[in-house]
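The following exercises are to be worked through with the sequence and the model at hand. Each task is followed by a solution in steps.

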Amino acid sequence: MQEHTQLSQKQINDELLRDVLTVPKWWLPAVVGLGIVVATGLGAFSYMVYHGVGVTGLNRPVFWGFFIANFVFWIGISHAGIMISAILRLTQAEWRRPVTRAAEVMTVFSLIAALHTPLFHVGRPWRVLYWIFPYDFDRGIWPNIRSPFVWDPSAVGTYLIASSLFVFVCLLPDIAILRDRAKGLFVKRIYAFLCLGFRGTPRQWRLQTIAGILLSALVLPVFVSVHSIVSWDFAVLIGVEGWHSTIFAPYFIIGAIHSGVSAVAMLMALAVWLYKLDNYIKPDHFDAIARLLIVVATTWFFFFFLEWVYALYTLDSPEIALRELQAFEWPYGPLFAIFVILSFVIPVPMWLFKRFRRSAKIMFWTTILVNIGMWLERFLIVIPGLVRRTHMTFDWGTYHPSLVEILIVVETFAFVALGMLLFAKVLPLIPLFDVKEGVVFRHVIKVGRKTVPASIREGLPHHYYDKNH
Amino acid sequence: MADSQDRKWGMVVDIDRCTGCNGCVIACQSENNIPNNLEEHFNQRRAIQWIRIERYWEGEYPNVKARFIPVMCQQCGNAPCEPVCPVYATYHNNEGLNVQVYNRCIGTRFCANGCPYHVRFFNFWEPEWPDSLKNQLNPDVTVRSRGIMEKCSFCVQRIRRSTREADRDGVQVEDGDRGISPACVNACPTTSLTFGDFNDETSQVSIMKEEAMSNRGKKDGRGYRLLDNLGTETNVIYLKKVDESAGAVHGH
């Protein structure tokens, strides 16, 4: 199915390291611009920590707002990494090869972006260590393990550590190449230190492969745990009708995959556009990821539909009132329409056509739309859920984000973009060794009348090849 | 009065007697060192009122009726706010009270979102008092700093002091004693609020609860709990309004 352009190893090295060893023209202005946005956001952070949560638009009963919606969004984006590099690796989808690293790096940065807000939006951020870790056992107080908030930091922390390790393990062979090619003794030394003495001996390769497979297998539980726990932050509250739903955990996970995989497709388009990597990311890759997206988006839409059915089936008046608020009342109604149109109605039918699937431009814009829609989805879960029309009509509230909140939310986006740009400057965003491995796996030799692959893949029995080739 | 281990504090609120005078609110503000709620606090929806008088209008002009419900922490037996706190800042003590430990609180506001009665309050700002009021702060009650949750404690400082003094003198705290009753109960001019021990069968609240809850649906059975369907097992019993014009009592 895929076009097999034969790329020599030298060509792969040259092209993929081009942007690491030289500086593209647009790079510096982009980094400075994003840096200014991040600095503004950090200023807003300090302002908030100094003056207190009063500077946000939060009130009673809307105690959570933009920050939590944004937190859920970034945790969602982070599911890209695990989907692409663990699930697609274990199912041996060949098209994943050029995008694994970009997805994993985005995972790491978006997890850090997600952690920006919940930790600092608490009332007393300087005591946050009593909440996450290390616990203050000196006072004889154990953490309340019934609270999803105890499991949030541990799940997100596990994910962050596992993803960082995964990125690092996969980087080792590429850093070794960089060490050999870098100009300047100092830079060479840094790369030499970072690659942990990787020389490409068979033993090193074997260990590196085993570590990669182990990490992608071990991280699989995180695939369901992280967003389940994030969804319990909402679902355990019996007093909030719109949140108290058993479907929340799977609904959040599939939503996360939807926005995460869309973000990867967007990254692929950006890599083609900015870094001119069209020798590696081809229409075939867009085609494959778009087909995956059709499945994911449709499953997500099914869960979204179910959530509404379950809610309306209760015939509980606050629940119905909440749904009315979400779908029909200003300002949530129009946002709801935009959300459904952007995250499903426009992109999915477009992806059904091969011509659109194979176009980097179309994929870029449709996946951007998906993520605008998915941000709105989180917004529409968190805020109307609290602004809800309860039985206690005296306490109906509303919420307007303050400038501080908007600046910090914008900052998280700039932070991830800046992180990716800086990463791409010092390390290759497309894994060299993985691409080469893909090339090697495609080599075939003729044995008699039969064509067989020239190399054996990691961990597969021989009859696999008999059936498939 | 029984041993402190066996007590279960509760309140009965007779809405029929409530005139909506807000006396309980003011008493609570001064007893519990709650900062003055200025107009801007109400506009921001960040006013702190451990007990509030909710006012509802019923009917169309000219037959409009004002209805009042005093709402304070319901001291749920099965509280939604308790399991969600990661640092155990809120927990259930052995006297049936849902207590808030200010020192532990880090201000995640998870509990406040979970409370169906909206009786948990967050200190969005550092509390401030005019100079003239600074000397009348209650020394028995912590002044809460910015960034933490607070809520009605059934005036736990009064419960503690009365119990301690009774133990010292070797006597029992009497049911309905003004020293142990919360400030709102003492301040209510129409005795709409009654405070006591639900585990003591002879206490006034137990008698009122028994009468109001066992005859539900009949003329005397005016008792109900707020949002009872959530299963929070609140320790505040409301007695609904006797409204002859509305016909049947159970039509609430």
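**Exercise 1. Pairing in the sheet of chain B**

Task: Determine which strand of chain B is joined to β1(B) by 5 bridges, and in which direction the two run.

Solution. Strand β1 of chain B covers residues 9-14 and is joined to β8(B) by 5 bridges, the two strands running antiparallel. Note that this is a predicted model. As a check on a single pair, B:V13 has B:L193 in β8(B) as its bridge partner. The next step is to place this pair in its sheet: 4 strands of chain B form an open sheet with mixed pairing, in the order β8-β1-β10-β9. The edges are held by β8 (193-197) and β9 (223-224) of chain B; each has a single partner strand, so one side of each lacks a neighbour in the sheet.

**Exercise 2. The surroundings of B:V25**

Task: State whether B:V25 is buried, partly exposed or exposed, and list its contacts beyond four places in sequence.

Solution. First, locate the residue: B:V25 belongs to helix α1 of chain B, which spans residues 23-31. Second, count its neighbours: 19 other C-beta atoms lie within 10 Å of B:V25. A buried residue requires 20 or more, and an exposed one has 12 or fewer. B:V25 therefore counts as partly exposed. Third, set aside the neighbours within four places in sequence; the contacts of B:V25 are then B:Q49, B:I51, B:R52 and B:I53. Finally, compare sequence and space for another residue: B:P130 is 105 residues from B:V25 in sequence, and their C-alpha atoms are 19 Å apart.

**Exercise 3. The overall form of each chain**

Task: Compare the radius of gyration of chain A and of chain B with the value for a compact globule.

Solution. Begin with chain B. For 252 residues, a compact globule would have a radius of gyration near 18 Å, and the 18 Å of chain B agrees with this. Its C-alpha atoms fill a box of roughly 50 × 50 × 35 Å along the principal axes. Chain B contains 7 helices and 10 strands, and 40% of its 252 residues count as buried. Among its contacts with a separation of 6 or more, 62% involve residues 24 or more positions apart.

Turn next to chain A. For 469 residues the expected value is near 23 Å, and chain A has 24 Å, which agrees. The C-alpha box of chain A is roughly 80 × 50 × 45 Å along the principal axes. The chain has 19 helices and 2 strands, and buried residues make up 46% of its 469 residues. Of the contacts in chain A between residues at least 6 apart in sequence, 78% join residues at least 24 apart.

**Exercise 4. The hairpin of chain A**

Task: Describe how β1(A) and β2(A) are joined, and identify the residue with a positive phi in their hairpin.

Solution. Strands β1 (residues 444-447) and β2 (residues 450-453) of chain A run antiparallel and are joined by 4 bridges. Two of the partners in β2(A) can be named: A:T451 for A:K446, and A:K450 for A:V447. The hairpin has 2 residues between the strands, and A:G448 takes a positive phi near 65°.

**Exercise 5. Interface and core**

Task: Establish how many residues each chain gives to the contact between chain A and chain B.

Solution. Chain A gives 34 residues and chain B gives 36. On the side of chain A, the elements that give two or more residues are α5 (128-131) and α6 (148-181). The most comes from α5(A), with 3 residues. By class, this side of chain A has 19 nonpolar, 10 polar and 5 charged residues.

Now consider the largest nonpolar core, which has 193 residues. Those touching the most other members are A:M106, A:V261, A:V264, A:A265, A:M268, A:I289 and B:C184. Beyond four places in sequence, A:I289 is in contact with A:V261, A:V264, A:A265 and A:M268.

**Exercise 6. Confidence**

Task: Find where in chain B pLDDT stays under 50.

Solution. Start from the average: chain B has a pLDDT of 89, and 93% of its residues score at least 70. The stretch under 50 is residues 248-252 of chain B, for which the model has 6 contacts beyond four places in sequence. Where pLDDT is low, the predicted coordinates should not be read in detail. For the complex, the predictor gives an ipTM of 0.89 and a pTM of 0.91.

Methods:
Residues are numbered from 1 along each chain as its sequence is written. Chains are lettered from A and ligands numbered from 1 in the order in which they are written. This is a predicted model: local features need pLDDT of at least 70, side-chain atom pairs count only at pLDDT 80 or more; totals for chains, interfaces and linings use all residues. Two residues are in contact if their C-beta atoms, placed from the backbone, lie within 7 Å. Ala, Val, Leu, Ile, Met, Phe, Trp, Tyr, Cys and Pro count as nonpolar, Asp, Glu, Lys and Arg as charged, and the others, Gly among them, as polar. A nonpolar core is a set of buried Ala, Val, Leu, Ile, Met, Phe, Trp, Tyr and Cys residues joined through C-beta atoms within 7 Å. pLDDT is the predictor's confidence in each residue, from 0 to 100. Two strands pair if DSSP finds at least two bridges between them. The radius of gyration is taken over C-alpha atoms; the globule rule is 2.2 Å times the number of residues to the power 0.38.
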